[in-house]
Amino acid sequence: MYRFFLCGILVFSATLLGNWFSQRLFRRTRYLQGMLEGINRMKTNVCFGNLDVFRAVGDSFPAFRDNSCEETSAEEFWTSLIDSIPKSSGLSKADREVLKGFGRNLGVTDTEGQLNNCELYSGLVLERIKISKEEEASKSRLYRVLGFSLGFAITLLIV
């Protein structure tokens with residue numbers, strides 16, 4: 001009696017694990033889309049807002065609004081914000097490097113340079129979104145099916 005109950009829990013747990021990996025792909029795409037929207041808002045804030053970099057980042061990226069700059073450079077501030085993004089967001093190392101690259105030119109150049117930086121990284125993030133969607137389409141179902149199959153295979157070995 002307990003054996004069948006435990007086997008059911010095993011299959012259910014493995015299926016949940018597969019779904020968790022699948023959802024991680026969706027979270028990555030959504031997070032990158034949010035960063036793209038933030039970069040576009042940043043471009044608007046730099047062009048029309050006449051805000052300093054720290055305030056423009058807080059206004060453009062709502063997730064980073066509550067962080068303080070503590071007398072650091074804009075690049076260090078941005079890098080610390082990117083490093084504080086949780087691993088559960090699903091961002092890959094390459095995604096994080098692209099986002100950190102955006103911060104390397106924050107506050108360094110004039111308004112035109114800032115706008116060019118926003119344009120450049122808007123395109124790079126758009127490219128990362130495209131890659132993320134391709135991975136999502138190819139791997140999402142695989143993770144769900146693999147989780148269930150693995151749980152079921154282990155259950156067959158146990159029973």
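**View 1. Packing of helix H4 in the predicted model.** In this predicted model, the buried residues of helix H4 pack against three other helices, namely H1 (residues 2–49), H3 (residues 74–83) and H5 (residues 111–158). The buried positions of H4 are Asp-95, Arg-96, Val-98, Leu-99, Lys-100, Gly-101, Phe-102 and Gly-103, a list that includes the charged side chains of Asp-95, Arg-96 and Lys-100. Helix H4 itself covers residues 93–104, and its 12 residues should span 16 Å at 1.5 Å a residue, which agrees with the 17 Å that separates its end C-alpha atoms.

**View 2. The contact of helix H4 with helix H5.** The axes of H4 and H5 come within 10 Å and cross at roughly 170°, an angle over 145 degrees, so that H4 is roughly antiparallel to H5. On the side of H4 the contact is made by Ala-94, Asp-95, Val-98, Leu-99, Gly-101 and Phe-102, while H5 contributes Asn-117, Cys-118, Tyr-121, Leu-124, Val-125 and Arg-128. By class, these residues comprise eight nonpolar, two polar and two charged. Of the H4 residues in this contact, Asp-95, Val-98, Leu-99, Gly-101 and Phe-102 are also among the buried residues of the helix.

**View 3. The contact of helix H1 with helix H2.** Helix H1 has 48 residues, which at 1.5 Å a residue should span 70 Å, and the distance of 65 Å between its end C-alpha atoms agrees with this expectation. The helix is followed by Asn-50, whose phi is positive, near 50°. The axes of H1 and H2 come within 8 Å and cross at roughly 135°, and the two helices are therefore oblique to each other, with a crossing that is right-handed. Gly-38, Arg-41, Met-42 and Asn-45 of H1 make the contact with Val-53, Ala-56, Val-57, Asp-59 and Ser-60 of H2. The residues of this contact divide into four nonpolar, three polar and two charged.

**View 4. The contact of helix H2 with helix H3.** The axes of H2 (residues 53–60) and H3 come within 10 Å and cross at roughly 25°; because this angle is under 35 degrees, H2 and H3 are roughly parallel to each other. The crossing in which H2 passes H3 is right-handed. Val-53, Phe-54 and Val-57 in H2 meet Ala-74, Phe-77, Trp-78 and Leu-81 in H3, and by class the contact has seven nonpolar, no polar and no charged residues. Val-53 and Val-57 of H2 take part here and also belong to the contact of H2 with H1.

**View 5. Two residues of helix H5, Thr-111 and Leu-156.** Thr-111 has its place in helix H5 and is partly exposed, with a relative accessible area of 41%. Its C-alpha atom is separated by 32 Å from that of Gly-90, although the two residues are 21 residues apart along the chain. Leu-156 also lies in helix H5, and this residue counts as exposed because its relative accessibility of 55% is over the 50% cut-off. The C-alpha atoms of Leu-156 and Cys-7 are separated by 8.7 Å, while the two residues are 149 residues apart along the chain.

How values were computed:
Residues numbered from 1 in each chain as written. Predicted model: local features only at pLDDT ≥ 70, side-chain atom pairs only at ≥ 80, totals over all residues. Heavy atoms only, no water. Helix = DSSP H or I, 4+ residues; strand = E, 2+ residues; numbered from the N terminus. Expected span 1.5 Å × (residues − 1). Buried < 20%, exposed > 50% of the residue type's maximum accessible area, 1.4 Å probe, protein only. Contact = heavy atoms within 4.5 Å. Axes fitted to C-alpha atoms, helices over the stretch in contact; angles between N-to-C directions. Parallel < 35°, antiparallel > 145°, perpendicular 65-115°, else oblique. Left-handed = near helix turned anticlockwise from the far one by under 90°.
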